[in-house]
Amino acid sequence: MLAGTAPLQFRCERGVACWNACCSNIDLALTPYDILRLKERLELSSSEFLAQYTLPYELEKDGIAGVKLKPVAGGTACPFMREDGCGVYEQRPTACRYYPLALLSLRKENEVRDQSSYALVREAHCLGHGRGPARPIDTYREEQGIPPGDEAAHGWRELILKKKSLGPAIGKPSKRSLELFFMVCYDLDRFRNFVASDGFGAIYDLPAEELHTLLIEDAALLQFGFRFLRQVLFGEQSIALKADAATERHARQQDKLARLEREAALRRAQDEGEIEAAEDD
Ligand code: SF4
Ligand code: SF4
């Protein structure tokens with residue numbers, strides 16, 4: 001684990017003997033913000049981008065999904081690799097910007113915000129190590145234009161860390177919550193339709209101006225999506241509910257509580273019955 005102040009001596013430039021070797025054999029996870037940038041660059045909807053360029057994978061056990069870039073048909077190369085380099089350089093994914101580093105996000109107990117540290121990846125084919133001037137990792141991140149993308153994807157990393165740290169305490173996520181996570185994080189245009197729907201409007205009380213912004217700005221919608229998921233998955237209320245919806249929600253919570261109490265009482269009665277039967281034996 002390296003701090004942002006640790007020195008990195010690495011340079012990748014055209015003319016190096018291994019040019020494009022890294023892009024010829026990809027295993028590349030995308031952040032929600034990577035998808036947002038790439039779909040805009042390629043002028044595709046998020047659903048079209050996902051279908052054409054990505055593969056889902058299990059990011060965390062219990063089905064929390066991630067998305068990887070799909071290599072070219074029948075091969076291992078990145079679909080954006082060109083002879084003269086990256087065909088989407090200005091919008092290249094975060095993992096490509098970080099290389100040869102990997103970001104490690106960790107949250108210590110009792111800390112509100114997670115801490116970033118870095119791992120250095122050394123692969124035999126990459127000849128960039130030891131080239132160019134040594135500079136702090138933080139400077140390298142700036143050179144590669146990483147901080148804005150990291151900031152924009154921070155809410156997504158937080159959700160994953162939170163799920164990990166709560167683990168079994170909140171139980172296995174429901175199929176519906178996993179689908180919501182996928183839609184909000186990766187299929188932003190579908191989430192936009194969801195936010196614009198009558199069903200959403202009947203539950204959530206969004207000021208008209210905020211709703212208008214969400215419907216026209218991807219970046220704002222993504223950040224709202226992370227808030228929405230914290231509310232739906234972890235009960236962190238930050239989006240106001242309509243009065244009727246709040247009453248219904250309260251009634252549902254009361255029903256659930258009563259059901260859990262009934263189940264607990266039933267289990268206790270069964271346990272006592274088994275103990276008595278064992279004593280009679
Ligand atoms: S997106 Fe660009 S930099 Fe990243 S693997 Fe593909 S070609 Fe290489
Ligand atoms: S130096 Fe490393 S990052 Fe640059 S082209 Fe070669 S393998 Fe890729």
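Student: Which residue stands opposite Lys-68 of strand E4?

Tutor: In this predicted model, Ala-29 stands opposite Lys-68 in E4. Strands (E, at least two residues) and helices (H or I, at least four) are DSSP runs, numbered from the N terminus. Residues are numbered from 1 along each chain as its sequence is written. Local features need pLDDT of at least 70.

Student: How many bridges join E2 to E4?

Tutor: Strands of a sheet pair through backbone hydrogen bonds, either parallel or antiparallel. Two strands pair if DSSP finds at least two bridges between them. Here two bridges join E2 to E4 (residues 64-69), and these strands run antiparallel.

Student: What is the order of the strands in the open sheet?

Tutor: The order of the three strands is E2-E4-E3, with antiparallel pairing. E2 (29-30) and E3 (54-60) are at the edges with a single partner strand each, so one side of each is left without a neighbour in the sheet.

Student: Which element gives the largest share of the largest nonpolar core?

Tutor: In soluble globular proteins, nonpolar side chains tend to be buried together. A nonpolar core is a set of buried Ala, Val, Leu, Ile, Met, Phe, Trp, Tyr and Cys residues joined through C-beta atoms within 7 Å; buried means that 20 or more other C-beta atoms lie within 10 Å of a residue's own, with C-beta atoms placed from the backbone. The largest core holds 40 residues, and those touching the most other members include Leu-221, Leu-222 and Leu-229. Helix H11 (218-234) is among the elements giving two or more residues to this core, and H11 provides the largest share, six residues.

Definitions and conventions:
Chains lettered and ligands numbered in written order. Predicted model: local features only at pLDDT ≥ 70, side-chain atom pairs only at ≥ 80, totals over all residues. Buried ≥ 20, exposed ≤ 12 C-beta atoms within 10 Å, placed from the backbone.
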